[in-house]
Amino acid sequence: MSRKPRVVILGGGFAGMAAARALQGVARRGDASVEVWDRSPESVMLPALPDYAAGFVSRAPLTGSIRSRLPNSVGWRLETARVVHLDDRLIATDSGPVAYDALVIATGSASRAAHAQWKSGSSYPLASLEEAERLRVDFPRYLEQTEAPHLLFSGGGYTAVELACALRKHVCMARGKACRITVVDRQPEILPFLSVRHRQRLTRH
């Protein structure tokens, strides 16, 4: 009896879930085994991190079990992929190498601030719930301790724009405190992928 092809999906976020749903029919028919790997048992609603950092939403609705959201025909593995050997089709894990036939890499992106010279403790990446929690706690303290608060955002994408608006509305304005906000980006305008009308509206706001 021939072995079923093994499809491994790395990452249980939006992209990983979409891949799992797209391949559930393949798994259900028995044409291949399909499994999702993630180093965390829970997925996080990343687009809501700016609202959470600003204290606008609570933590509970932002997290959920990856296993419970997967189609029944798709497997689940709590695992960290240390190294992927594409030529050999092997994934190095803490428990040993795992062979695969097809691989979907859906691990998301990571901020790169290697060239920035930040004052220790003053930079706040926003790619995880833990980072949002740190900002949620520290920013109100900063407002209380600073006469002329100033926020500098590196990047003019959705995360920076939404976080700037959320902190201004739900933290600064709620406390009656003015805060200077600067967005720095290599592009001449924020959110360059939007239509001109929507981009101008957001820029004015």
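**Exercise 1. The sheet**

In what order do the 4 strands of the open sheet stand, and with which pairing?

*Solution.*
Step 1. This is a predicted model. Read the sheet across its strands: the order is β5-β2-β1-β9. The pairing is parallel.
Step 2. Find the edges. They are β5 (75-78) and β9 (102-105). Each has a single partner strand, so one side of each has no neighbour in the sheet.
Step 3. Add the twist. From one strand to the next, it averages 20°.

**Exercise 2. The partners of β2**

Find how many bridges join strand β2 to β5, and how many join β1 to β2.

*Solution.*
Step 1. Take the β5 side. Strand β2 covers residues 33-38, and 4 bridges join it to β5. The two strands run parallel.
Step 2. Name residue pairs. V36 has W76 in β5 as its bridge partner. D38 is paired with L78, again in β5.
Step 3. Turn to β1. Here 5 bridges link β1 to β2, and these strands run parallel. Opposite L10 stands W37 of β2.
Step 4. Trace the chain between these strands. It leaves β1, passes through α1 and reaches β2. This β-α-β crossover is right-handed.

**Exercise 3. Burial and the helix**

State how many of the 6 residues of β2 are buried, then place helix α1.

*Solution.*
Step 1. Apply the cut-off: buried means under 20% relative accessible area.
Step 2. Count β2. Of its 6 residues, 5 are buried, so the strand is largely enclosed by the rest of the structure.
Step 3. Place the helix. Helix α1 spans residues 14-29 and lies across β1 (6-10), β2 and β9.
Step 4. Give its direction. Helix α1 runs at about 165° to β1.

**Exercise 4. An arginine in a helix**

Decide whether R199 is buried or exposed, and list what it touches.

*Solution.*
Step 1. Locate the residue. R199 sits in helix α6, residues 196-204.
Step 2. Check its accessibility. The relative value for R199 is 13%. The limit for buried is under 20%. R199 therefore counts as buried.
Step 3. List the contacts. Leaving out residues up to four places away in sequence, R199 touches E189, I190, L191, P192 and L194.
Step 4. Pick out the polar contact. The R199 side chain reaches the backbone oxygen of P192 at 3.4 Å.

Notes
Residues numbered from 1 in each chain as written. Predicted model: local features only at pLDDT ≥ 70, side-chain atom pairs only at ≥ 80, totals over all residues. Heavy atoms only, no water. Pairing = 2+ DSSP bridges. Axes fitted to C-alpha atoms, helices over the stretch in contact; angles between N-to-C directions. Contact = heavy atoms within 4.5 Å. Buried < 20%, exposed > 50% of the residue type's maximum accessible area, 1.4 Å probe, protein only. Polar contact = N/O pair within 3.5 Å; in protein donor to acceptor, adjacent residues only side chain to side chain. Right-handed = clockwise from strand over helix to strand, strands pointing away.
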